[in-house]
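Here is a short briefing on a ligand site and on the cysteines of one protein. Please look over the sequence and structure first.

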Amino acid sequence: MKFFADTAAVDDIAELNSYGLLDGVTTNPSLIAKSGRQIKDVIAEICALVSGPVSAEVAAMDFDGMVREGEHLAGLADNVVIKLPLTLDGLKACRHFSQKGIRTNVTLCFSANQALLAAKAGATYVSPFIGRLDDINIDGMDIIRDIRTIFDNYALETDILAASIRSGNHVSQAALAGADVATCPAAVIKALVVHPLTDKGLAQFSADWQATGQSIL
Ligand code: G3P
């Protein structure tokens, strides 16, 4: 499973990248707003740091506007992926960009049928939102499993990008369900390494080592 950072915070992206843990980045209008920066500046900076795909989302609601904005965003760097909403205009724009060989991420997906439409429109990625489904008492992971089955049934090549991930449990469950990518806040990715038995074992090894008085170097 690939790990994308779901953030527009360049410092967090640089840190995760330094650990070799980052396969790509996703952003959305809320994350750009949170960064307090201009979308063009922040996307260009992220793309210079990360060689993997970087999703940048259009703000327009209509096909023509999405195409204009998407072309502009795609011009910022070779690794920009155009993020489009799961609406009829968004699907039309997805088809437009996929026919031009420009990668797309169809976002705000909340059902298997929506994901099927995104795949038919030629999406590179479709982003089902796990956490927001859980928030309304629908098991987000069921949607991931259904999409995996449907895509496998028809050999659809669109990658399932599990989004709106809130916890390590979401990450492991999405991996078990066959998601191709998990996009997570930086804190969720870093928390995956934490286990109390690792900390306890390390403290014991360190104490025992100190007691030997040895030095490896
Ligand atoms: O970028 C889309 C998605 O990951 C948003 O997550 O936590 O705002 O539901 P969240």
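**Ligand site and cysteines**

A polar side-chain atom of Arg-166 is 3.1 Å from an oxygen atom of the ligand. With the protein in place, 83% of the 310 Å² of accessible area that the ligand has on its own is covered. The model is predicted.

**Polar contacts of the ligand**
- The side chain of Asn-28 places an N or O atom 3.0 Å from an oxygen atom of the ligand.
- For Lys-83, an N or O atom of the side chain lies 3.3 Å from a ligand oxygen atom.
- These distances count as polar contacts because the cut-off for a pair of N or O atoms is 3.5 Å.

**Pocket and shell**
- The ligand sits in the largest pocket.
- Around the ligand are Asp-6, Asn-28, Lys-83, Phe-129, Arg-132, Ala-163, Ser-164 and Arg-166.
- Four residues of this shell are charged, two are polar and two are nonpolar.
- Asp-6, Lys-83, Arg-132 and Arg-166 are charged.
- Asn-28 and Ser-164 are the polar pair, and Phe-129 and Ala-163 are the nonpolar pair.

**Cysteines**
- The structure has zero disulfides.
- Cys-47 is in no disulfide, and its nearest cysteine sulfur, that of Cys-94, is 19 Å away.
- Cys-47 has 10% relative accessibility, so this residue counts as buried.
- Cys-109 is in no disulfide either; the nearest cysteine sulfur belongs to Cys-94 and is 12 Å away.
- Cys-109 counts as buried because its relative accessibility is 0%.
- The cut-off for buried is under 20% relative accessible area.

Key. Residues numbered from 1 in each chain as written. Predicted model: local features only at pLDDT ≥ 70, side-chain atom pairs only at ≥ 80, totals over all residues. Heavy atoms only, no water. Near = heavy atom within 4 Å. Polar contact = N/O pair within 3.5 Å; in protein donor to acceptor, adjacent residues only side chain to side chain. Areas by Shrake-Rupley, 256 points an atom, 1.4 Å probe, with all protein chains shown as cover. 1 Å grid on protein atoms, 1.4 Å probe; cavity = no way out; pocket = protein on both sides within 12 Å on 5 of 7 lines; lining within 4 Å. Sits in = over half its atoms within 2 Å of the grid points. Disulfide = S-S within 2.5 Å. Buried < 20%, exposed > 50% of the residue type's maximum accessible area, 1.4 Å probe, protein only.
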